[in-house]
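Welcome! Take a moment with the sequence and the 3D view, and then let us walk through them together.

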Amino acid sequence: MTRHSGRRPPGTPRPLRIALPIVATVAIVAPLAWLWQDSWVPAVYSVMDMGHPDYGAGAVPDTSGGGGHGGHMQGQMPDHDMPTPRLVTDMIADPARPADIRVDLVTRQQMLTVAGRSIAGFSVNGTSPGPQILARQGQLVEVHLRNESVADGVTLHWHGVDVPNAMDGVAGVTQDAVPVGGEFTYRFVAKQAGTYWYHSHQVSNPQVAGGLLGSLVVTPKSGIVQQVDVTAVAHTYGGMRTINGKAEDFRVPARAGQRVRIRVTNTDNGPMKIWTGGSYRLLALDGTDVHQPTDVSDRSLTVTAGGRADLEVTAPSDGTAVRVQLSKATAVIIGPPGVDVPVPPQPASELDLLAYGTPAPLGFDPAHPTRRFEYRIGRRPGFVKGRPGLWWSINGRLFPHVPMYVVREGDVVVMHIENQTGEVHPMHLHGHHEVVLARNGVAASGSPWWVDSLNVPPGESYDIAFMANNPGIWMDHCHNLKHAAQGMIAHLMYEGLDTPYRIAGPADNQPE
Amino acid sequence: MRAAYKVLAYLVAAEVAVQAMVMVWGIAGLGKWVDGGGVFDKVVIESEGTPPFPEVAGIIAHGINGFFVIPGIALLLLIASFFTRVRGAIKWAVIVFVLVILQGQLGGLGHDFPLAGALHGLNALALFGAAIYTGRRLRAAAAAAAEQPEARTAAPV
């Protein structure tokens, strides 16, 4: 710091006395101004131009840039001698195959009534959550979406289902937002049995919070062994905790000794702790069965934002009921109608999924990956879209200077996810299921821990792996959708692919 | 510019007082709500729409003030200090600025290590004192400078 204040020696030249403060001011303001202007994104842009390509020490495509664009927001056009990239719109289910299940969904912007209170929100076919879509493994599901009145436009994303890319429902990446009066048809084969959900991925932060969502369950071909199968969609409307849209406990009638499958779906922005009075078994997580699960008692289970957990709970043999707490606020009560039990205390410790169940083959070898990526989440002061603040960074840089993870079909990908911030981040990769290899350097020793939504608490790190077997451009983002809206978004893209859609643009696509 | 400097310094002090008030207001509201059977967890914190209890506004205001408004004022104070031509004005603007940055860091760190939150509370007092002193000393320093003939010639800035 220059010392030029106060009573100055008479010899100080006057021009210097005027110039120095101005120089000091410029020295402070100019870098801020540069950072400010650097944080803007163009009015219309392709996600292909976002950030910088990261090849994860794997093969670099022959042509410069990932799928034809230049990267770094330079807006470069593809060279003429480059091969024509395939488009995300080509990634569809067999168009010749007739649908096994047809569902019509109509989205509306409307007032919702929750616990007698009126809340501005969204509905699907008049309710929130929308209707549950029930499919059997292997069926082709066809969903016809019509947006009746959601002013910002809507899409439907099939959270946890590894759909063909064109069906992923991300506005500005895999489709245009469906405007009022517009329509879109989603077609995908429900290959994997499990618990999923659907939600809008256009202006998703307010739309999902406002209830534009629903449950999707795929039952296995062989059926399930439990006598009772229920879904509990947890959602918070304007601070009011609900299960399946009702701000009250969810009663599931069951006779003594009956086994009940509870498909807990966390549609909120924060992780939810669940626990029971007796014991439970974690049958599946994020649509993937746990291998040889055992009974758990005195342990809570964390279901991260966007995550699902299938629990098995047996109705008590003595004719009483058992509570499955979805946080302290709401519960699923299993037992004879009208019978209740006190709220069980929240266990002090948590079920450790790193060592739950027993190992099973993964179907690929993560010991010899062809790509290694880093997804380090930080937080630092700076500007995003011209707004000053403490923003989420990915690998040290702020949106839009985020990594574009480039893979080739068939790659074995390993990713190190590390949370260096003070807040938990539910990390969600579209189109793929990833398996946890290690947490904080400790190798997984239980059942393969497959997730599509991974809870990464402050200070923790995860090593995950997945097979690059679903070509497309896929979001890899924080499912605390507020954080996504604040720029915690990266993409996984397959080389040689491109998207015809644009962020913003005529359809006003805003996926976050 | 001296008037601006003084106002900005006092503004920092006033903001620190506001910060203490809104935070305790928010926590008092939280306590009352929990006492009435309310559940406050990450899901509620991150939910949209009507807050579960009105005093949440205090916690939100604390964040906005602390992350944006106060650092902004401290930065303007620093810039103003270059133009005051009063001995020590820059030094004290730097001290206030550093304490503001430190305060934000301690506040953020408190989410990981709650004990840092205790230092956040202590540093608030240091910042409040420094900001008041920065504003008050300018008058005295300016008066002293006014008695110096060479300062008088450079006066009206």
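The notes below go topic by topic, from the meeting of two chains to single strands and helices.

Please keep in mind that this is a predicted model. In it, 35 residues of chain A are in contact with 34 residues of chain B. Chain A also holds an open sheet of six strands and another open sheet of four strands, while chain B offers a pair of packed helices, H3(B) and H4(B).

**Where chain A meets chain B**

- Four elements of chain A each give at least two residues to the side that touches chain B: helix H1 (14–38), helix H2 (204–209), strand E12 (228–237) and strand E26 (387–394).
- H1(A) provides the largest share of that side, with four residues.
- Sorted by class, the side of chain A that touches chain B consists of 16 nonpolar, 14 polar and five charged residues.

**The six-stranded sheet of chain A**

- Reading across this open sheet, the strand order is E2-E28-E37-E36-E30-E34 (chain A), and the pairing is mixed.
- Why do strand E2 (52–54) and strand E34 (453–456) of chain A each have one side without a neighbour in the sheet? Both stand at the edges with a single partner strand, so one side of each is left open in this way.
- From one strand to the next, the twist averages 25°.
- Strand E36 (residues 473–478) and strand E37 (residues 489–494) of chain A run antiparallel to each other and pair over five bridges.
- Within that pair, Trp474(A) has Leu492(A) of E37(A) opposite.

**A closer look at strand E30 of chain A**

- Is strand E30 (residues 425–429) of chain A largely enclosed or left open by the rest of the structure? Five of its five residues are buried, so E30(A) is largely enclosed.
- As a reminder for this step, a residue counts as buried if 20 or more other C-beta atoms lie within 10 Å of its own.
- In a regular strand, side chains alternate between the two faces of the sheet.
- Both faces of E30(A) are covered, with His425(A), Met427(A) and Leu429(A) buried on one side and Pro426(A) and His428(A) buried on the other.
- E30(A) pairs with E34(A) in the antiparallel sense over four bridges, and it pairs with E36(A), also in the antiparallel sense, over three bridges.
- His428(A) is a handy residue to find in the viewer: it stands opposite Ser453(A) in E34(A) and opposite His477(A) in E36(A).

**The four-stranded sheet of chain A**

- The order of this open sheet is E5-E4-E7-E9 (chain A), again with mixed pairing.
- Strand E5 (117–124) and strand E9 (183–189) of chain A are at the edges with a single partner strand each, so one side of each has no neighbour in the sheet.
- Ignoring direction, neighbouring strands here are turned by 25° against each other on average.
- Strand E7 (residues 140–147) of chain A and E9(A) run antiparallel and are joined by seven bridges; here Leu145(A) stands opposite Phe184(A) in E9(A).

**Two hairpins around E26 of chain A**

- Strand E25 (residues 371–384) of chain A pairs with E26(A) in the antiparallel sense over eight bridges, and Ile377(A) has Ile394(A) in E26(A) as its bridge partner.
- The hairpin of E25(A) and E26(A) has two residues between the strands, and Lys385(A) takes a positive phi near 50° there.
- E26(A) also pairs with strand E27 (residues 397–398) of chain A, in the antiparallel sense over two bridges, with Ser393(A) opposite Leu398(A) in E27(A).
- The hairpin of E26(A) and E27(A) likewise has two residues between the strands, where Asn395(A) takes a positive phi near 50°.

**Packed helices in chain B**

- Helix H3 (residues 56–81) and helix H4 (residues 89–109) of chain B pack at an angle of about 165°, and their axes are 8 Å apart.
- That angle makes H3(B) roughly antiparallel to H4(B), and their crossing is left-handed.
- Residues of H3(B) in this contact include Phe67(B), Ile70(B) and Leu78(B), and those of H4(B) include Ile90(B), Val94(B) and Phe97(B).
- By class, the contact has 14 nonpolar, four polar and no charged residues.
- Leu76(B) also lies in helix H3 of chain B, and this residue is partly exposed, with 17 other C-beta atoms within 10 Å.
- Leu76(B) and Gln103(B) are 27 residues apart in sequence, and their C-alpha atoms are 17 Å apart in space.

Technical notes
Residues numbered from 1 in each chain as written. Chains lettered and ligands numbered in written order. Predicted model: local features only at pLDDT ≥ 70, side-chain atom pairs only at ≥ 80, totals over all residues. Contact = placed C-beta atoms within 7 Å. Nonpolar A, V, L, I, M, F, W, Y, C, P; charged D, E, K, R; others polar. Pairing = 2+ DSSP bridges. Axes fitted to C-alpha atoms, helices over the stretch in contact; angles between N-to-C directions. Parallel < 35°, antiparallel > 145°, perpendicular 65-115°, else oblique. Left-handed = near helix turned anticlockwise from the far one by under 90°. Buried ≥ 20, exposed ≤ 12 C-beta atoms within 10 Å, placed from the backbone.
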